[in-house]
Amino acid sequence: MSLYQRIALLTLTLVTSLNPSALVADEPDGFPWDIPQSKPSRPLSAAMDRLYTNYLTPRPEDNELFSSFKYTRLEGFDYHGGDGTVSRRDPSKVLRINDKYYVWYTKRDTPTPPQGAAKCTDTIPSTDWDLCEIWYATSDDGFTWREQGVAVPRPPKPQVGWRSVATPDVLAWKGKYYLYYQGFMEASGTKGDHCPVAMSYADSPDGPWTAHGDVVVPNGAPGEWDQFSIHDPYPLVYKGRIYLYYKAAFGDRPEYLVANGLAMADDPHGPFEKHPLNPLMNSGHETAYFPFKEGIVSFATTNGNESNTIQYAPDGINFQIAAVTSLMPIASGPHVPDAFDSNGNGRGITWGLSHFTNPGTWAKSHSILARFDCDLSLDVHDPEMK
Ligand code: AAL
């Protein structure tokens, strides 16, 4: 119960104990001492009207999908003093396996910081996510991490991802693990950020990982919204199927209108069938999704009219703004205890990892992983949420 609800209850108890007829008094039809939870019948301005139509509750603090975010620096990662030659970014969702937390992420360790598309070579990266590999780390508490090594290296040319493998996320399915990630066939930036989704699988979260070898979620046909790139693959298991949300951009550059779509499969190797209503989110650079009650929550963090919102789709398809917030975690990988077995009773999240990128010029450009904490759980006392 929120502070406002406590105060309201206390006031109600006090008033009714002095005057029991207050219990049957009509609801005031206006805005007396507080905002009514249901829409008043008197004419409303456009702004007050949309309080009742566009959001889950008129007051953000009454909305269980409202949260602000707290950030904590992580221990255990070396960044070469921040000289831009080492970068860690785009963490996967965090899984708890055998009493340890696991995360997979993009790691760049190159002789120089990124130099832009015009100057990139076989060893000089164009962008922060060029010439990268997928690494993983484990932790006992989510704050101090031990980098374990490479999970998915760059395969030899011309295999999918030979130029860079980046932005992974993880699926656990029938006792095996699957990493989905962006497989670059050319340097990011030379022609936009074009790439399809590749996949590797393993019997254990510690590997060894076997590359599937082919594109698993292909780009759309020419003219379709996702023709150029499929980014940020993010798998969940929902309604018994693999739901892989992803980001693409209308246009050939990532800064053009970005949107999120969904591809579904019954087998981690595919085929993945794209949802006919795609795109499902009109905003949101990067993907972060988790089960909540019977539906799915999505973060629209940056890019688009609806950036800085937390959205909810009771069917995993039709998302609506649940809450507007700020300082959302960039490229977040939440700790989702029920990512693969929500059974219609999704429990939400309380923390995860995200990244911060140093702004400004290419010099020293790199990203670091950080922890975020939030209050988007139905039961903060649930031990699995921690
Ligand atoms: C990220 C993601 C994808 C893009 C680039 C690296 O934040 O959206 O992974 O390709 O930026």
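This passage describes the fold, two sheets, the nonpolar cores and the hollow spaces of a predicted model.

The protein has 386 residues, of which 52% count as buried. Its secondary structure comes to two helices and 21 strands. Among the contacts with a separation of 6 or more, 54% join residues 24 or more positions apart.

Two open sheets are described here. Strands of a sheet pair through backbone hydrogen bonds, either parallel or antiparallel. One sheet contains four strands, in the order β7-β8-β9-β10, with antiparallel pairing. Its edges are β7, residues 164-173, and β10, residues 210-211. Each of these edge strands pairs on one side only. Eight bridges link β7 to β8, which spans residues 176-184. One of the bridge partnerships sets W173 against K176 in β8. On the other side, β8 pairs with β9 over six bridges, again in the antiparallel sense. Here L179 stands opposite S200 of β9. The same S200 has a bridge partner in β10, namely A211. Two bridges hold the antiparallel pair of β9 and β10. Strand β9 covers residues 197-202 and is mostly covered itself, with five of its six residues buried.

The other sheet also has four strands and is open, in the order β11-β12-β13-β14. Its pairing is antiparallel. The edge strands are β11, residues 231-238, and β14, residues 273-274. Both pair on one side only. Strand β12 takes in residues 241-249 and runs antiparallel to β11, joined to it by six bridges. Within this pair, V237 has I242 of β12 as its bridge partner.

Attention now turns to the interior. In soluble globular proteins, nonpolar side chains tend to be buried together. The largest nonpolar core in the model has 70 residues. Those with the most contacts inside this core are W104, L179, Y180, Y245, F299 and I310. Strand β12 gives the largest share of the core, six residues. Another core lies apart from it and has 14 residues. Its members include F77, Y79, V86 and Y101.

The surroundings of F299 show what one core residue touches. Neighbours within four places in sequence are left aside in this count. Beyond them, F299 is in contact with F69, M281, A288, F290, T309, I310, M328, P329, S332, I349 and L376. One of these partners, I310, is itself among the core residues with the most contacts.

G352 offers a further local view. This glycine sits in strand β20. G352 counts as buried because its relative accessible area is 0%, below the 20% cut-off for that class. Leaving out neighbours within four places in sequence, G352 is in contact with G333, P334, H335, A370, R371 and F372. A339 lies 13 residues from G352 in sequence, and the C-alpha atoms of the two are 13 Å apart in space.

Enclosed spaces were sought across the whole structure. The search finds three cavities of 30 Å³ or more. The largest of the cavities has a volume of about 70 Å³. Its lining is made of D90, P91, T167, P168, D169, D232, P233, Y234, E286, T287, A331 and S332. Strands β7 and β11 are the elements that give two or more residues to this lining. By type, the lining residues of the largest cavity divide into five nonpolar, three polar and four charged.

Open pockets were also located. The second largest pocket has a volume of about 480 Å³. Its lining consists of 25 residues. Nearest the pocket centre are R89, W129, H285, E286 and T357. One of these, E286, also lines the largest cavity. Strand β11 and strand β20, residues 346-357, each supply at least two residues of the pocket lining. The lining of this second largest pocket holds five nonpolar, 13 polar and seven charged residues.

Methods:
Residues are numbered from 1 along each chain as its sequence is written. This is a predicted model: local features need pLDDT of at least 70, side-chain atom pairs count only at pLDDT 80 or more; totals for chains, interfaces and linings use all residues. Side-chain values use heavy atoms; hydrogens and water are left out. Two strands pair if DSSP finds at least two bridges between them. On a 1 Å grid over the protein atoms alone, a cavity is a set of points where a 1.4 Å probe fits but cannot get out, and a pocket is an open set with protein on both sides within 12 Å along at least five of seven lines; lining residues have an atom within 4 Å of a point. Grid points are joined across faces, edges and corners, and a volume is the space filled by probe spheres set on the points. Ala, Val, Leu, Ile, Met, Phe, Trp, Tyr, Cys and Pro count as nonpolar, Asp, Glu, Lys and Arg as charged, and the others, Gly among them, as polar. A nonpolar core is a set of buried Ala, Val, Leu, Ile, Met, Phe, Trp, Tyr and Cys residues joined through side-chain atoms within 4.5 Å. Buried means under 20% relative accessible area, exposed over 50%, partly exposed in between (1.4 Å probe, protein chains only). Contact means heavy atoms within 4.5 Å.
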